[in-house]
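Me: I'd like a close look at one part of this model, please. Pick a single helix, tell me what packs around it, and then walk me outward to the rest of the chain.

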Amino acid sequence: MKRLLVIGYGMTAHRLVAEVRARDGGDRWQITVLGEERHGAYNRIGLTDRLRGVEDADLKLETQEDQGLRILTRTRAAEIDRPARQVVTAEGERLPYDALVLATGAVPARPPLPGAELRGCYVYRTLDDVNAIRRAAETAPGKRAVIVGGGLLGLETAEALGRHLGVRPHVVEAAPHLMPAQLDPTAAELLAAGLSRRGIDLHPGRALQSIDAGRDGTVSGVTLTDETRVRADLVIFTAGTRPRDDLAATADLPRGERGGYLVDEDCRTPDPAIWAIGDCAAINGRRTGTVAPGYHMATTVAGHLTDNPTPPPPLSPAEPSTVLKLPGVDVASMGNPHATGEATVELTYTHTAPAPRYAKLILDPEANTLQAAILLGHPTAYPRLHALIGQELPAPAEQLLT
Ligand SMILES: Cc1cc2nc3c(=O)[nH]c(=O)nc-3n(C[C@H](O)[C@H](O)[C@H](O)COP(=O)(O)OP(=O)(O)OC[C@H]3O[C@@H](n4cnc5c(N)ncnc54)[C@H](O)[C@@H]3O)c2cc1C
């Protein structure tokens, strides 16, 4: 049997292994997975549920180890020895491969600011991170937290800390409004009003100047660029990630301009035995940071490894699509809502009663084909419009929003 080695045991590696085994029947590939975390694969996109009281075990993604599959947790790959076709672990063990898939994900950005390494500062990517944040929130004397980044992850974290752990959250966002990648100013303003009513303090248009220490050397608060001081026991960084591509240097593999292992449309690096999928991959230089494209890459590579290279159905033109996962707050964005201009037609709908609602639909110049949308307060319209992105509207746009 040939040896398939997978580095990283996150969401896309889990999908890859399942797909290879389903297609291969365990006949061709002997699979070994190396994961540096102490847990097996889990549902990373559901991590915030841990702050809401869900148990670690409920986030687990099931995999059955057997003769054809070995999973080594707490094992970090430190080097790829391409001439020998071996991966060297941090403990110095050498593991041979016939095919190697890099699925090492991404690391959260920690701003290079005074105080960013103080006790009380947290990044948010792993189950261990969220458990550490949970413990700190439960014991925080002042019950105040600053969340750096007003994107999807920052807002989810703020809401969960406030509602479930009794912590007063402050969200700092350097861009002029919340969720700048997904929303326009009108939608962001309505969202901000709703979040403020839920006790979340918002500081858009301001960045951090410093993170300040108290007398005991732990975090006591932050100073913003407009000199505002916000007291806090915890500071949580949720402002972006960068691809985890550090093995490229050990193997002389190229990286994309904005990081990530550089791969072609088939997710293959210039070395035909090495592939990269998920957040660590940069397809023709383009990196992604969400699950749907990562699963698509996993399916593509599984097809090649099992001699069934028929490409999977193309990713939905609705990607990137985003739903803010807060109970009672229905905000969604699909396609690229910032791709506006002369080549598009924009339709906007605003209702103030009985509750604020807003929709922006972006159509082609003939106003027939839906290209992107922003929805606030339209929960039932989301699946309908998501399925229609890239297609002609079957009915007047307003009817589709009801
Ligand atoms: C809280 C949270 C909420 C999110 N919500 C959403 C959402 O709603 N929708 C969405 O689409 N996306 C969401 N994302 C992003 C999504 O989780 C990622 O896109 C997805 O997990 C990427 O999968 P991956 O397999 O590429 O990387 P990961 O899931 O990050 O897995 C990579 C794994 O590789 C391990 N690793 C790295 N280097 C090595 C090494 N050298 N040796 C061994 N192991 C290594 C890492 O420790 C990690 O366990 C969210 C992310 C977070 C943190």
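Reply: Happy to, and let's take helix H5, where the buried residues are Ala187, Ala188, Leu190, Leu191, Ala192 and Leu195. Buried here means that 20 or more other C-beta atoms, placed from the backbone, lie within 10 Å of a residue's own; 12 or fewer makes it exposed, and anything in between partly exposed. Please keep in mind that this is a predicted model: local features need pLDDT of at least 70, side-chain atom pairs count only at pLDDT 80 or more, and totals for chains, interfaces and linings use all residues. Residue numbers start from 1 along each chain as its sequence is written. Helix and strand labels are DSSP runs numbered from the N terminus (H or I of at least four residues for helices, E of at least two for strands).

H5 covers residues 185-197, which makes 13 residues. From first to last C-alpha the helix reaches 18 Å, close to the 18 Å expected at 1.5 Å a residue, where the expected span is 1.5 Å times one less than the number of residues. An α-helix has 3.6 residues a turn, so residues three or four places apart point the same way. After H5 comes Gly199, with a positive phi near 85°.

What lies over the buried residues of H5? The cover includes helix H4 (152-165) and strand S12 (201-204), along with strands S23 (331-334), S25 (357-363) and S26 (370-376). Contact in this account means C-beta atoms, placed from the backbone, within 7 Å.

Let's follow one of those strands. S25 contains Ile362, which counts as buried because it has 24 C-beta neighbours inside 10 Å. Its C-alpha lies 9.2 Å from that of Gly335, although the two are 27 residues apart along the chain. In the loop between S25 and S26 sits Ala367, which is not a glycine and yet has a positive phi of about 60°. Ala367 has 14 other C-beta atoms within 10 Å, so it is partly exposed. Lys143 makes a good companion: it too is not a glycine, and its phi is positive at about 55°. Lys143 belongs to the loop between helix H3 (127-139) and strand S10 (144-148), and with 18 other C-beta atoms within 10 Å it is therefore partly exposed. Most residues other than glycine have a negative phi, and most peptide bonds are trans.

Now for the wider frame. The assignment gives domain 1 (2-107 + 241-305), domain 2 (121-237) and domain 3 (321-400); these bounds come from an automatic or database domain assignment. Domains 1 and 2 have C-alpha centres 31 Å apart, and 12 residues of domain 1 are in contact with 12 of domain 2. On the domain 1 side, helix H2 (residues 48-51) gives the largest share, 3 residues. That side divides into 5 nonpolar, 3 polar and 4 charged residues, with Ala, Val, Leu, Ile, Met, Phe, Trp, Tyr, Cys and Pro counted as nonpolar, Asp, Glu, Lys and Arg as charged, and the others, Gly among them, as polar.

Where is the ligand in all this? Both domain 1 and domain 2 give residues to the shell around the ligand, so it lies between them. The shell holds 33 residues, of which Gly8, Gly10, Gly105, Gly278 and Thr290 come nearest; a residue is near when its C-beta, placed from the backbone, is within 6 Å. The shell splits into 15 nonpolar, 11 polar and 7 charged residues. Helices H1 (11-24) and H7 (291-305) each contribute at least two of them.

H7 makes a nice counterpart to H5. Its 15 residues should span 21 Å at 1.5 Å a residue, and the end C-alpha atoms are 21 Å apart, which agrees. Among the buried residues of H7 are Pro293, Tyr295, Met297, Val301 and Leu305. The cover over them includes H1 and strands S1 (2-7), S2 (29-34) and S7 (99-102). Following H7 is Asp307, with a positive phi near 55°.

Finally, the whole protein has 9 helices and 26 strands. Its radius of gyration is 23 Å, close to the 21 Å from the globule rule for 402 residues, so it is as compact as a globular protein of that length; the radius is taken over C-alpha atoms, and the rule is 2.2 Å times the number of residues to the power 0.38. Of the 402 residues, 42% are buried.

How values were computed. Two residues are in contact if their C-beta atoms, placed from the backbone, lie within 7 Å.
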